[in-house]
Amino acid sequence: MKTKTSTLRLIYPQWQGGIVAHWMPDIDPDDSSRGYYLGAQLLNFLAPKSGQNTKEVPVSLDINDRETENGIHSYRVLLRQTKAALRIIQDNDPERIVTLGGDCAASVVPFTYLANKYPEDVAIVWIDAHPDVTLPYDDYKGYHAMALTACLGMGDKEILSILPGKVEASKALIVGLRSWDDGMKERQEKLGIKGLAPAEVAENSKAVMDWLRNTGASKVVIHFDMDALDPAEIIAAVGTDPNGMKIHEAVRVMNDIASEYDVVGLTVVEPMPRVAIKIRNMLNQLPLLKE
């Protein structure tokens, strides 16, 4: 279902939501921590040039501005960037938003804006290896793991007071799910969020489409964390849990949704360009190239 309407292409290179350096010992910790910033720029470079209105959220690169507050790592800078993203979106008042991130929390502002714009008519399809339903009082303090709960109206009070809308948990589906932190499977089940493993969408998208029909929503926002993909085919993100979705499976699911529903939001997140980081660091050491 496609119509010609205003679409905002939002470059949201936020990296502070992740605490990820320890998973990549072969890369300098500062570089890997900020890797999502470069990843978002590469996504924008590689994505088709469609003439969409393009804006970029200003994101700090200060590696030292990462103090944990209210149970969230880098709380103050994330709060500032949340406000900045919302201002950009509200100033442009788009009907659809394509977001290129950045950590998973890059979906929070666009999705809650769209939930407010189309009240009670938005379903979330969260394509991710992880459920992203942690809360500030949990052990892991990275905000990117709290992204889906924030979209559902749960989490830090100050951040939630800024967000313009929310989606009911019954209208959220996780696809490609295969990895949980302690207690997260129980929380997902308690919230009533359905999860589909990669094997359940490997042959076709029927399980996704059946679930969508039961929501009664006409509009869908799609979150695509590239760690949903099978590392045996491509290592595009920090997460490398085995037996993920194949690229063609993820693409087919998203296009099948778009064939029957009005996709008003698409977020692509968590790109960790390991090779690009190493090439950049090599180039920075070469004669006539280094400053």
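The exercises below, each with a worked solution, concern a predicted model.

**Exercise 1. The largest nonpolar core**

Find which residues of the largest nonpolar core touch the most other members, and which helix gives the most to this core.

Solution.
- Step 1. The largest nonpolar core has 59 residues. Ile 124, Tyr 143 and Leu 148 touch the most other members.
- Step 2. The helix that gives the most is H3, residues 75–92, with eight residues in this core.
- Step 3. Another core, of 34 residues, lies apart from the largest one. Its members include Ile 11, Val 220, Leu 229 and Ala 258.
- Step 4. As a general point, nonpolar side chains in soluble globular proteins tend to be buried together.

**Exercise 2. Helix H3**

Compare the expected span of H3 with the distance between its end C-alpha atoms, then state what covers its buried residues.

Solution.
- Step 1. H3 has 18 residues, and at 1.5 Å a residue it should span 26 Å. The expected span takes 1.5 Å times one less than the number of residues.
- Step 2. The end C-alpha atoms of H3 are 26 Å apart, so the two values agree.
- Step 3. Among the buried residues of H3 are Tyr 75, Leu 78, Gln 81, Thr 82 and Ile 89.
- Step 4. The cover over the buried residues of H3 includes strands E1 (7–12), E2 (53–56) and E3 (96–101), as well as helices H4 (108–117) and H6 (157–162).

**Exercise 3. Tyr 143 and the largest cavity**

List the contacts of Tyr 143 beyond its neighbours within four places in sequence, and describe the largest cavity.

Solution.
- Step 1. With those neighbours left aside, Tyr 143 is in contact with Gly 17, Ile 72, Leu 78, Ala 105, Val 108, Ala 150 and Ile 159.
- Step 2. The count of cavities of 30 Å³ or more comes to one. The largest cavity has a volume of about 50 Å³.
- Step 3. Tyr 143 is one of the residues that line the largest cavity, and the lining also includes Ile 72, Ala 150 and Ile 159.
- Step 4. By class, this lining has eight nonpolar, one polar and one charged residues.

**Exercise 4. The second largest pocket**

State the volume of the second largest pocket and name the residues closest to its centre.

Solution.
- Step 1. The volume of the second largest pocket is about 420 Å³.
- Step 2. Its lining has 23 residues, and the closest to the centre are Trp 23, His 130, His 144, Asp 181 and Asp 227.
- Step 3. The lining divides into 11 nonpolar, six polar and six charged residues.

**Exercise 5. Backbone angles**

Is Asp 93 buried, partly exposed or exposed, and what is the state of Asp 132?

Solution.
- Step 1. Most residues other than glycine have a negative phi, and most peptide bonds are trans.
- Step 2. Asp 93 has a positive phi of about 45°, and this residue lies in the loop between H3 and E3. Asp 132 also has a positive phi, near 55°; its place is in the loop between strand E4 (122–127) and helix H5 (147–151).
- Step 3. Buried means under 20% relative accessible area, and exposed means over 50%. Asp 93 has a relative accessible area of 45%, so Asp 93 is partly exposed. Asp 132 has 7%, so Asp 132 is buried.
- Step 4. The peptide bond from Gly 101 to Gly 102 is cis, with omega near 25°. Gly 102 is found in the loop between E3 and H4.

Definitions and conventions. Residues numbered from 1 in each chain as written. Predicted model: local features only at pLDDT ≥ 70, side-chain atom pairs only at ≥ 80, totals over all residues. Heavy atoms only, no water. Core = buried A, V, L, I, M, F, W, Y, C linked by side-chain atoms within 4.5 Å. Buried < 20%, exposed > 50% of the residue type's maximum accessible area, 1.4 Å probe, protein only. Helix = DSSP H or I, 4+ residues; strand = E, 2+ residues; numbered from the N terminus. Contact = heavy atoms within 4.5 Å. 1 Å grid on protein atoms, 1.4 Å probe; cavity = no way out; pocket = protein on both sides within 12 Å on 5 of 7 lines; lining within 4 Å. Points joined across faces, edges and corners; volume = space filled by probe spheres on them. Nonpolar A, V, L, I, M, F, W, Y, C, P; charged D, E, K, R; others polar.
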